[in-house]
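Work through the exercises below with the model open in a viewer. Try each task before reading its solution.

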Amino acid sequence: MTTLHEPVVTATPAELSVWPASTTEPRPGALAVGGVPLAEVADRFGTPVYVLDENEVRERCRTYRHAFPDAEVLYAAKAFLCRAMVHWAEEEGLGLDVCSAGELELAVTTGFPPERIVLHGNAKSPRDLETALRLGVGRIVIDSPSEIARLAAAVGPGGHQKVMVRVVPGISAGGHEKIRTGTDDQKFGLSIADGYAQHAIARILDQPQLELTGLHCHLGSQITSVKPYLAAVRRLVGLMARLHEQHGLVLPELDLGGGHGIAYRPGEQALDLTALARRVRTELSDACAAAGLPVPRLVIEPGRAIVGPAGIAVYRVLAVKRTGAHTFVAVDGGMSDNPRPALYGVRYAPRLTGRASAAPTAPVTVVGRHCEAGDVLAADVELPADLRPGDLLAVPVAGAYHLSMASGYNLVGRPPVTAVRDGHARLLVRRESLDDIRRRDVGL
């Protein structure tokens, strides 16, 4: 029980810096997002549950449109995709970047214009390409030499398809070695340094049904410095200049990908979007002027930076266990709904929500329910020492690469996705049930 001698600690603005802008604390210990208490969402939809602030998503889309008014902004669907997200992106004037026939079909059947969609992938299946051509996708990014002949044959002699080429600029950037994709030692793209990119481009130019519209690169993810993007601009414009000399080619587009870093915990650095837009625009203009080329239209592909900070994952505590010097707080989710800590060592800042606590904080490790020692959601985080089963923990910055990377481990079922806005919560994606799992298992 709280007494006059035990002040209840409320969230400070700094602690809420990584939460959606709509986050409030109507009463001590009870966080609300989009005007909806998180405890209310948990009671109504169960836990674990993903919560998306619709206004935050839309505002982040607008921020990109305002920062890059002359560029084409494509939302990277791999970060998170559902029909509502497709609808929000279209309404806010963004295109889409998809990586599979599944993502593409979901978008188009929701009503998204296929000509505003770009298809990526280092190993596109025949179904991916067939679906892209059937639905009329805007551009296909060629990632390997073998795709050129396959795509040209699929298009047919009387057909036409716009393409880009993903090149590797030889730049190392990103928050973890597993998400650095701009160097020559990984699976994506065609290297500039060894000439594979130039050779592939020459082959594309020999295919009259393929129209090369530009170069594409993606340096990695969770990049918090502008400098790698400036280096990429210089190297790609250098390649464009060589292509102009060799083939008389003037490419109208330059795609710098995404990978814009965000803060997962208070005090962490995020990419300065305003500085990125200003300095990339200047670098591109200067490099093209020096090369005697017209400035191509810039294309960027933010995903995490749009939807990540708009999402919260809410869990219920199942057990609190003290083992030696460690305290483990086990929740009803884990690596099946968020594998990122296990994959990339990502660190989060969960908070108790739904009740006030006057207890001092103590270091605990929040773990999941799965049969893996590596099923850890947040290691050595400060939480109230009186945590108990039944409490709710809310994890901010959970909008990207949670549901999209969720698995069926232990047949737990993937959580639902809800949207909050103006005091109302609604279901976007329902919880995966045991009946869903059973129906897929068709044989004995």
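The exercises that follow use a predicted model and cover cavities, cysteines, one helix and some backbone angles.

**Exercise 1. The largest cavity**

Task: Find how many cavities of 30 Å³ or more the structure holds, then describe the lining of the largest cavity by class.

Solution:
- Step 1. Search the whole structure. Two cavities of 30 Å³ or more turn up.
- Step 2. Take the volume. The largest cavity has about 90 Å³.
- Step 3. List the lining. Ala-76, Lys-78, His-218, Ser-221, Gly-258, Gly-259, His-260, Glu-301, Gly-303, Arg-304, Ala-305 and Tyr-401 line the largest cavity.
- Step 4. Sort by class. The lining of the largest cavity has three nonpolar, six polar and three charged residues. Glycine counts as polar in this sorting.

**Exercise 2. The second largest cavity**

Task: Work out which strand gives the most to the lining of the second largest cavity.

Solution:
- Step 1. Take the volume. The second largest cavity holds about 50 Å³ of space.
- Step 2. Read the lining. Its residues are Tyr-50, Val-51, Leu-52, Phe-80, Gly-311, Ala-398, Gly-399, His-402, Leu-403 and Val-417.
- Step 3. Match them to elements. Strand E4 (residues 49-53) gives the most, with three residues.
- Step 4. Sort by class. Seven lining residues are nonpolar, three are polar and none is charged.

**Exercise 3. Cysteines**

Task: Count the disulfides, and explain why Cys-288 has no bond to the closest cysteine sulfur.

Solution:
- Step 1. Apply the cut-off. A disulfide needs two cysteine sulfur atoms within 2.5 Å. The count is zero disulfides.
- Step 2. Check Cys-288. The closest cysteine sulfur is in Cys-217, 14 Å away, so it is too far for a bond.
- Step 3. Check burial. Cys-288 is buried because its relative accessible area is 0%, under the 20% limit. Cys-371 has 64%, over the 50% limit, so Cys-371 is exposed.

**Exercise 4. One side of a helix**

Task: Which residues of helix H5 (residues 126-135) are buried, and why do they lie on the same side of H5?

Solution:
- Step 1. Pick out the buried residues of H5. They are Asp-128, Leu-129, Thr-131 and Ala-132.
- Step 2. Look down the axis. These residues cover an arc of only 165 degrees, which puts them on the same side of H5.
- Step 3. Recall helix geometry. An α-helix has 3.6 residues a turn, so residues three or four places apart point the same way.
- Step 4. Find the cover. What covers the buried residues of H5 includes helix H4 (101-110), strand E7 (117-119), strand E8 (139-142) and helix H6 (145-155).
- Step 5. Follow the chain on. Just after H5, Gly-136 has a positive phi of about 80 degrees.

**Exercise 5. Backbone angles**

Task: What is the peptide bond from Thr-47 to Pro-48, cis or trans? Then place Val-397 and Asn-410, and decide whether each is buried, partly exposed or exposed.

Solution:
- Step 1. Read omega. From Thr-47 to Pro-48 the value is near -10 degrees, and the bond is cis. Pro-48 sits in the loop between helix H1 (38-45) and E4.
- Step 2. Take Val-397. Its phi is positive, about 55 degrees, although Val-397 is not a glycine. Val-397 lies in the loop between strand E19 (392-396) and strand E20 (417-421). At 1% relative accessibility, Val-397 is buried.
- Step 3. Take Asn-410. This residue is not a glycine either, yet its phi is positive at about 60 degrees. Asn-410 is in the loop between E19 and E20. Its relative accessibility is 39%, so Asn-410 counts as partly exposed.

Note on methods. Residues are numbered from 1 along each chain as its sequence is written. This is a predicted model: local features need pLDDT of at least 70, side-chain atom pairs count only at pLDDT 80 or more; totals for chains, interfaces and linings use all residues. Side-chain values use heavy atoms; hydrogens and water are left out. On a 1 Å grid over the protein atoms alone, a cavity is a set of points where a 1.4 Å probe fits but cannot get out, and a pocket is an open set with protein on both sides within 12 Å along at least five of seven lines; lining residues have an atom within 4 Å of a point. Grid points are joined across faces, edges and corners, and a volume is the space filled by probe spheres set on the points. Helices (H or I, at least four residues) and strands (E, at least two) are DSSP runs, numbered from the N terminus. Buried means under 20% relative accessible area, exposed over 50%, partly exposed in between (1.4 Å probe, protein chains only). The arc is that of the directions from the helix axis to the C-beta atoms. Contact means heavy atoms within 4.5 Å.
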